[in-house]
Amino acid sequence: MLGARGQRPRARLTMHWKTRSRLTSWLLGAVTIGFLLFQWLPMFTMFLLSFAGENGGTTFPMNGVSLHWYRKLWDADLFDDFKPPMLRSFLLALGCSATTVVLSVSAAQAMRGRFLGSGAYFYLLLLGLMAPGILVGFGFAILTRLLGIEGAWNTTAYVVHVSWALPFGFMTMLAVFNRFDPRLEEAALTLGANRITAFRRITWPIILPGVIGTALFGFSLSYDEYARTLFTAGSDGTLPLAIMAQLDRQLTPELYAIGTVTTVMSLVAIFLCTFAFWLRSRALRGRPTP
Amino acid sequence: MAAPPPALPQLDLELRNIRKRYGGYTAVDGVSLQVPKGQFVCLLGPSGCGKTTTLRCVAGLEEPDAGDILIGGREVTRDPPWERDIAMMFQDFALFPHMSVAKQVGFGLEMQKKPRAEIARRVGEVLTAFEIDHLAERRPAQLSGGQKQRVALARAMITEPRILLLDEPIGALDYSLRETVMLELKSLQRRSGISFIWVTHDQNEAFSLGDLVVVMNHARIEQQGKPEEVLSRPRTAFVAGFIQGNNILRGKAAGAEAGLLRVDAPDGLFSVPLRGRPAPPRGSEVSFSVRAERLLESPGPEIGNRLSLRCNVVEYFGAYRRHVLEAKSGALVKYDQFGALPQSVSPGHLVSFGWKTEDGVLHA
């Protein structure tokens, strides 16, 4: 069969592999854009409907364009109803974020050196990802009742939220430490820094972007958590609980306005973080030389 | 228990029987070393021979399982790195990416809690001395390989430690830079009086820089001595083979006479000087080496050690011409011809070679 490659009849449509590869990338690009639309369009419909006119409903077609529902949100009692849960959710998310950062950094730091049972430890931590939220919340509620502990948004719900955000933060920090060069710490040690100083002056500033990412995870996972909060928050609910309750009672474009406001707040937070990242990476690269 | 030998204060570094195991793997197996004041020591060996682990034990980054480490006569085996009078330079320099050059060069002094004004002054001096003062405000990402190397060196030297540990310090540099940097480092070491412990797998570095060369293999020291000593008298077949330009011949001991050992090899009967060593028992396996430039082409009758070799390849390196020759037994022998002599042996030729008896070096 020598020379078989050369004897194969020429394809009628000959296409250079580079051209084909370019076509493939166009196709994949189209699929990606489709996916992004799929992800964002539902939210966009909500944004749109929140700007509906006074007589606007909660479905299309849109009835006029106004800021009516935002004004109503600002004035009306409904917003007052939402204010306390919003504050609770915000504080809970902050607390969850801070705790997740501390625990994730410590846990990932521990994983840097292998220890007895480190494999089991790794999988046990990640198990939090797999466990269905509603069962975790319910089980935790049963457990606390058994122990005679009154559930509250800032005690039992807080613990459950941290257990939910921790696997995400842990994975993030593992990835960060994977790329971290331990010789930087060793260099600091040989230059006279003790372990604490080396961590503070070398490790911490370098892993900081990852830490910010972990903090974001901790915040956003807690802020919109419903299933795990349902049974553990006690009498004073969080924002997701309040919204779900309101959805049960009456659906108005006001809720869309709330959704839009909170989403915009999240986007602003993400934008600020990205900007901080950008500033930081520019600082690491250094100022351009004149 | 016998009292340990007294510490010698004039030694910058002393290792006593250092051992280090990782699980079932022995990384360092009974390494002992004495480094007098202000020495340039090169730890030479193939990768995985334990030279870096030994260095890390001296730095305190690894804890040896057994043995003692003394720095300047003081026992420091269990002391952490930050309490040892050392500094270390890493292969990829390990510069702190988030600190300017000035900041990281001053890091060591900052750790010593020196006043800010003094740090600034010393950093300025050192940057000037290393000709990197114009880089003071740059970050590592904005430096070339050679500049990084200078920054790493300045950062390590500024605290004037007793010992500077260097782990393949010029391995990351371009070849064209290495020679210059080697010369600079050698003269820096002379001027500073700081002992350098330099880990490398490159014999050119080791033999051109070291006051003392320590050849390691399989977690042990194979030989230590002055460069000329190690080069001219490799103690073991490993050292002879590791150093370029040695021919290793193997055979059986066939009796000794007048300080010469007779070696019965597949390609002939050779005499090798014992140099005061007891003769190995008759019939035992022995090896010896002859340097490639010591071979004599078509030797006269006064040369007792001779064998005929067929030429396979001739390579020209500018300073010398290397011939790869093959003996009847299949053993490969190198013959280096220095000087601008015309080529006299070509591939395919069968030529008689020999060497003066005193050029043979018997291995342990």
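This report covers the interface between chain B and chain A, then helix H5 of chain B.

The model is predicted: local features need pLDDT of at least 70, side-chain atom pairs count only at pLDDT 80 or more, and totals for chains, interfaces and linings use all residues. Residues are numbered from 1 along each chain as written, chains are lettered from A in the order written, and side-chain values use heavy atoms, without hydrogens and water.

**Interface**

Chain B gives 28 residues to the contact and chain A gives 25 residues; contact means heavy atoms within 4.5 Å. About 2300 Å² is buried between the two chains, 65% of it from carbon and sulfur atoms. Buried area is the accessible area (1.4 Å probe) lost on putting two parts together, summed over both. Trp82(B), His98(B) and Met111(B) lose the most area on the side of chain B, together 27% of what that side buries.

Three salt bridges link chain B and chain A. The rule is a side-chain nitrogen of Lys or Arg within 4 Å of a carboxyl oxygen of Asp or Glu. Glu110(B) pairs with Arg201(A) in a salt bridge, with the closest N and O atoms 2.5 Å apart.

By class, the side of chain B that touches chain A divides as follows.

| Class | Residues of chain B |
|---|---|
| Nonpolar (Ala, Val, Leu, Ile, Met, Phe, Trp, Tyr, Cys, Pro) | 17 residues |
| Polar (the others, Gly among them) | three residues |
| Charged (Asp, Glu, Lys, Arg) | eight residues |

**Helix H5(B)**

Helices are DSSP runs (H or I, at least four residues), numbered from the N terminus. H5(B) covers residues 145-157. Its 13 residues should span 18 Å at 1.5 Å a residue, and the end C-alpha atoms are 18 Å apart, which agrees. The expected span is 1.5 Å times one less than the number of residues. Buried residues (under 20% relative accessible area, 1.4 Å probe, protein chains only) of H5(B) include Val151(B), Leu153(B), Arg155(B) and Met157(B).

Terms used:
Helix = DSSP H or I, 4+ residues; strand = E, 2+ residues; numbered from the N terminus. Buried < 20%, exposed > 50% of the residue type's maximum accessible area, 1.4 Å probe, protein only.
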